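Grab a coffee and work through a few short exercises on side chains. Try each task yourself before you read the solution.

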Amino acid sequence: MGLFLSTDTEKCCSSGQCAAALPEVFDQDDTDGRVLLLQERPPADLAGAVYEAVDCCPAGAITVRMSDDCQPSKEP
């Protein structure tokens, strides 16, 4: 079981809290400052920090789900 992250850039208010809290997983777009997801499936050892970063998001633009499939998704 692993974490799977997704972001809603339409909800993002560009506060940068997530990127400041966990730069290994989140960044900000250089154009508009909205969230950029660097790791869709972060390693298990970052789980606590992921939840802290998600809690910092004032817009609720980050979603965390548990996933049985811990392999990166593959495009067809």
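**Exercise 1.** What is the relative accessible area of Cys 13, and is Cys 13 buried, partly exposed or exposed?

*Solution.* Keep in mind that this is a predicted model. Cys 13 has a relative accessible area of 47%. Buried means under 20% and exposed means over 50%, so Cys 13 lands in between and counts as partly exposed.

**Exercise 2.** Work out how many disulfides the structure has, and check Cys 13 and Cys 56 by hand.

*Solution.* Start with the total: a search of the whole structure turns up zero disulfides. Now take Cys 13: its nearest cysteine sulfur belongs to Cys 12 and sits 5.9 Å away. A disulfide needs the two sulfur atoms within 2.5 Å, so Cys 13 is in no disulfide.

Next comes Cys 56, where the nearest cysteine sulfur is that of Cys 18, at 8.7 Å. Cys 56 is in no disulfide either. As for its surroundings, Cys 56 is partly exposed, with 33% relative accessibility.

**Exercise 3.** Find the salt bridges and say which residues they link into a network.

*Solution.* The whole structure holds two salt bridges. In one, the side chain of Glu 10 pairs with that of Arg 34, at 3.8 Å from N to O. Glu 10 is in the loop between β1 (2–7) and α1 (17–21), while Arg 34 is in the loop between β2 (26–28) and β3 (35–37), so this pair ties together parts 24 residues apart in sequence.

In the other, Asp 32 pairs with Arg 34, also at 3.8 Å from N to O. Arg 34 takes part in both bridges, and Glu 10, Asp 32 and Arg 34 are linked in a network.

**Exercise 4.** Sort the three network residues by class: which are exposed and which are partly exposed?

*Solution.* Go one by one. Glu 10 has 66% relative accessibility and counts as exposed. Asp 32, at 40%, is partly exposed. Arg 34 is partly exposed too, at 26%.

**Exercise 5.** Which residues form a nonpolar patch on the surface with Met 66, and where does Met 66 sit?

*Solution.* The partners of Met 66 in this patch are Met 1 and Tyr 51. Together, Met 1, Tyr 51 and Met 66 offer about 370 Å² of accessible area. To place Met 66, look at strand β4, residues 62–67.

Methods: Residues numbered from 1 in each chain as written. Predicted model: local features only at pLDDT ≥ 70, side-chain atom pairs only at ≥ 80, totals over all residues. Heavy atoms only, no water. Salt bridge = Lys/Arg side-chain N within 4 Å of Asp/Glu carboxyl O. Helix = DSSP H or I, 4+ residues; strand = E, 2+ residues; numbered from the N terminus. Buried < 20%, exposed > 50% of the residue type's maximum accessible area, 1.4 Å probe, protein only. Patch = residues over 30% accessible without salt bridge, like charges linked within 9 Å, V, L, I, M, F, W, Y side chains within 5 Å. Areas by Shrake-Rupley, 256 points an atom, 1.4 Å probe, with all protein chains shown as cover.
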